[in-house]
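User: Please take a close look at one strand of this model, its faces and its partners, and then follow the surroundings outward as far as the cysteines and one loop. I would like a connected account rather than a list.

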Amino acid sequence: MNVKIDPSWAENVGEEFDKPYFAKLADFVRSEYSSAVCYPPGPEIFNAFNLCPFDKVKVVIIGQDPYHEPGQAEGLCFSVKEGVMPPPSLVNIFREIEGDLGVKMPANGSLRRWARQGVLLLNATLTVRAHQAASHQRRGWEEFTDACIRALSRRRRNVVYMLWGGFARSKAQLIDPQHNLVLQSVHPSPLSANRGGWFGNHHFSRCNDYLRSQGIEEIAW
């Protein structure tokens, strides 16, 4: 199956595209996009991979589902397009960065600048129907994105994995903790963050400290 994804990812997970589950997934996604409004726009479905090649990944942040309201999703977890008001979870991420590193909140909520530095902003499910959260879950995307995490864990070392909330933390079983740094905390959504455990987790400074210790250029958060 011809999937428009960065060649480095095709080399490492391309066998997934020829599996029966992916053929069913592709049929489902095509049907959904032809019959309903879905996000992100078709050309941006694989943005996380196309902006962050396999051999350039330094950090992995795992989300669950794309934003499902107009103009938000751009194929990167937690990220919204320029000009769109950052959702509460993203605001809390920026607040923690400011408290941790002293970096002021940016002018917009697009995280493309992170992706281009080597941050894989990976939603477990890559598409969604408008106004219907989780509408494309359990259709095959999770099998594909789990395969991507496994491939990274097997073939890359010294990657930082940031697992926020119960769903993301469930992916820890896919990661080799001996050769990577796995950081876990509650989710940055207001419901979780305000109960404690998000603010002050220092994930961003801990990430950069680890990268620096491995001789890897840190992320300009």
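Analyst:

**Strand β5 and its surroundings**

In this predicted model, strand β5, which spans residues 160-164, is mostly covered, since five of its five residues are buried. Its side chains are divided between two directions: Val160, Met162 and Trp164 point one way, whereas Tyr161 and Leu163 point the other way, and all of them are buried. This division follows a general pattern, because in a regular strand the side chains alternate between the two faces of the sheet.

β5 has a pairing with strand β2 (residues 59-63), in the parallel sense and over three bridges; within this pairing, Val60 stands opposite Tyr161 of β5. There is also a pairing with strand β6 (residues 181-185), where five bridges join the two strands and the direction is again parallel. Here Met162 of β5 has Leu183 as its bridge partner in β6.

The loop chosen for this account is the one between α8 (190-193) and α9 (203-213), where Gly197 lies. With a relative accessible area of 45%, Gly197 is partly exposed. Leaving aside residues up to four places away in sequence, Gly197 touches Ser185 and Val186, and Ser185 belongs to the residue range 181-185 of β6, the strand joined to β5. Gly197 and Val186 are eleven residues apart in sequence, while their C-alpha atoms are 5.9 Å apart in space.

Turning to the cysteines, a search of the whole structure finds zero disulfides. For Cys38 the reason is distance, because the closest cysteine sulfur, in Cys77, is 20 Å from the sulfur of Cys38, too far for a bond. Cys77 is likewise in no disulfide, and the nearest cysteine sulfur to that of Cys77 belongs to Cys52, at 11 Å; a disulfide would need the two sulfur atoms within 2.5 Å. Both Cys38 and Cys77 are nevertheless covered: Cys38 counts as buried at 7% relative accessibility, and Cys77 is buried with a relative accessible area of 1%.

Cys38 also leads to a residue of helix α2 (residues 20-35), namely Glu32. Not counting residues up to four places away in sequence, Glu32 touches Cys38, Arg129 and His136. Glu32 itself counts as buried, because its relative accessibility is 10% and the cut-off for buried is under 20%.

Key. Residues are numbered from 1 along each chain as its sequence is written. This is a predicted model: local features need pLDDT of at least 70, side-chain atom pairs count only at pLDDT 80 or more; totals for chains, interfaces and linings use all residues. Side-chain values use heavy atoms; hydrogens and water are left out. Buried means under 20% relative accessible area, exposed over 50%, partly exposed in between (1.4 Å probe, protein chains only). Helices (H or I, at least four residues) and strands (E, at least two) are DSSP runs, numbered from the N terminus. Contact means heavy atoms within 4.5 Å. Two strands pair if DSSP finds at least two bridges between them.
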